[in-house]
Amino acid sequence: MKLVLFGPPGSGKGTQASLLANKINIPHLSTGEILRSKLDDKDELAQELSKIMSSGNLVPDSILNPIVTEKLLSNHCKSGFILDGYPRNKSQSDFLINFLEQNSIDLDLVINFTTDIDTVKYRILERAKIENRSDDTIEVIQTRLDKYFSETQPLANIFKDKFKGKFFEINAMQEISKIESEIENRLKNA
Ligand code: AMP
């Protein structure tokens, strides 16, 4: 199963991706998680990433694209993947669509998590108390949401056109278990 998830920060797509990854035993590729793991290296790249990520801005494509393609081509992802947090802008989207075509990789599902802004702000602030993330403050959340609405949200329409019949929207304000079962039902028919 090969899936791409869209949705604003705090929409719960990471939670659903982990649940699903465990259930069907395929890797969850969260670009946010991959980048956060690089912060531990404490090298020059880590310093650059830390500066960008703690401000809520997007990491340059020149860093992200090779990381994502290396993962997608690895044996680990041969039987499938759940891509979460990528693509995030038009150039990443063009790059990914081209990469999938070049490597004859077919997506099975594209899921767009929809929710209202107040709900995501509340959820991110709650998460901040638990995870202690440097980008979960109210100012940085606003930057991340601005980036989402200006750069990422328009990509859902591109994927909707490109992957007709495989794209669906999910109301991310529902209970976790309800969202989980809606996704499962879609997977059965994918
Ligand atoms: P996330 O955990 O998905 O909210 O990502 C946390 C941060 O990592 C984002 O605010 C960005 O700074 C960076 N990031 C994650 N994915 C991407 C991406 N596809 N393109 C650029 N930056 C990203």
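**Exercise 1. Place K38 in this predicted model: where does K38 lie, and is K38 buried, exposed or partly exposed?**

Start with the address. K38 lies in helix α2, and that helix covers residues 31-38.

Next, take the accessibility. The relative accessible area of K38 is 26%. Buried would need a value under 20%, and exposed would need one over 50%. Since 26% falls in between, K38 is partly exposed.

Finally, pick a partner for K38. L49 sits 11 residues away in sequence, and the two C-alpha atoms are 8.2 Å apart in space.

**Exercise 2. Do the same for E182: in which helix is E182, and is E182 buried, exposed or partly exposed?**

Step one is the helix. Look for E182 in α9, which takes in residues 176-188.

Step two is the number. E182 has a relative accessible area of 24%. That is neither under 20% nor over 50%, so E182 is partly exposed.

Step three is a distance. Going from E182 to K147 means a gap of 35 residues in sequence, and in space their C-alpha atoms are 28 Å apart.

**Exercise 3. Sort S11, L29 and I97: is each buried or exposed?**

Take S11 to begin with. You'll find S11 in the loop between β1 (2-6) and α1 (13-24). The relative accessible area of S11 is 1%, so S11 is buried. There's also a contact to spot here: a polar atom of the S11 side chain lies 2.7 Å from the backbone oxygen of P8.

Now L29. L29 belongs to strand β2, residues 28-30. With 6% relative accessible area, L29 is buried. Try a pair as well: L29 and K90 are 61 residues apart in sequence, and 19 Å separates their C-alpha atoms.

Then I97. I97 is part of helix α5, residues 90-102. Its relative accessibility is 12%, which is under the 20% cut-off, so I97 counts as buried. For a pair, take K162: I97 and K162 are 65 residues apart in sequence, yet their C-alpha atoms are 8.9 Å apart in space.

**Exercise 4. Look at the backbone of N25 and S104: what is the phi of each, and is each buried or exposed?**

Begin with N25. Phi of N25 is near 55 degrees, which is a positive value in a residue that isn't glycine. N25 is placed in the loop between α1 and β2. At 67% relative accessibility, over the 50% cut-off, N25 counts as exposed.

Move on to S104. Here phi is about 50 degrees, again positive and again not in a glycine. S104 lies in the loop between α5 and β4 (109-114). S104 has a relative accessible area of 66%, so S104 is exposed.

**Exercise 5. Check the peptide bond from Y86 to P87: is the bond cis or trans?**

Go to the loop between β3 (81-84) and α5, where P87 lies. Then read omega for the bond from Y86 to P87: the angle is near 5 degrees, and the bond is cis.

**Exercise 6. Describe the surroundings of the ligand: which residues come nearest, and which helix gives the most to the shell?**

First, the space. What the ligand takes up is the largest pocket.

Second, the neighbours. There are 16 residues around the ligand, and T31, N57, V59, G85 and Q92 come nearest.

Third, the make-up of the shell. The residues there split into 6 nonpolar, 5 polar and 5 charged. Helix α2 gives the most, with 4 residues.

**Exercise 7. Find the polar partners of the ligand: how far from a ligand nitrogen are the atoms of T31, G85 and Q92?**

Work through them one by one:

- T31: an N or O atom in its side chain is 2.7 Å from a nitrogen atom of the ligand.
- G85: here a backbone N or O atom lies 2.9 Å from a ligand nitrogen.
- Q92: a polar atom of its side chain lies 2.9 Å from a nitrogen atom of the ligand.

To finish, ask how much of the ligand's accessible area the protein covers. On its own, the ligand has 480 Å² of accessible area, and the protein covers 96% of that.

Terms used: Residues are numbered from 1 along each chain as its sequence is written. This is a predicted model: local features need pLDDT of at least 70, side-chain atom pairs count only at pLDDT 80 or more; totals for chains, interfaces and linings use all residues. Side-chain values use heavy atoms; hydrogens and water are left out. A residue is near a molecule or strand if one of its heavy atoms lies within 4 Å of it. A polar contact is a pair of N or O atoms within 3.5 Å; within protein, one must be able to donate a hydrogen and the other to accept it, and residues adjacent in sequence count only if both atoms are side-chain atoms. Accessible areas come from the Shrake-Rupley method with a 1.4 Å probe; for residues, only the protein chains shown count as cover. On a 1 Å grid over the protein atoms alone, a cavity is a set of points where a 1.4 Å probe fits but cannot get out, and a pocket is an open set with protein on both sides within 12 Å along at least five of seven lines; lining residues have an atom within 4 Å of a point. A molecule sits in a cavity or pocket if more than half of its atoms lie within 2 Å of its grid points. Helices (H or I, at least four residues) and strands (E, at least two) are DSSP runs, numbered from the N terminus. Ala, Val, Leu, Ile, Met, Phe, Trp, Tyr, Cys and Pro count as nonpolar, Asp, Glu, Lys and Arg as charged, and the others, Gly among them, as polar. Buried means under 20% relative accessible area, exposed over 50%, partly exposed in between (1.4 Å probe, protein chains only).
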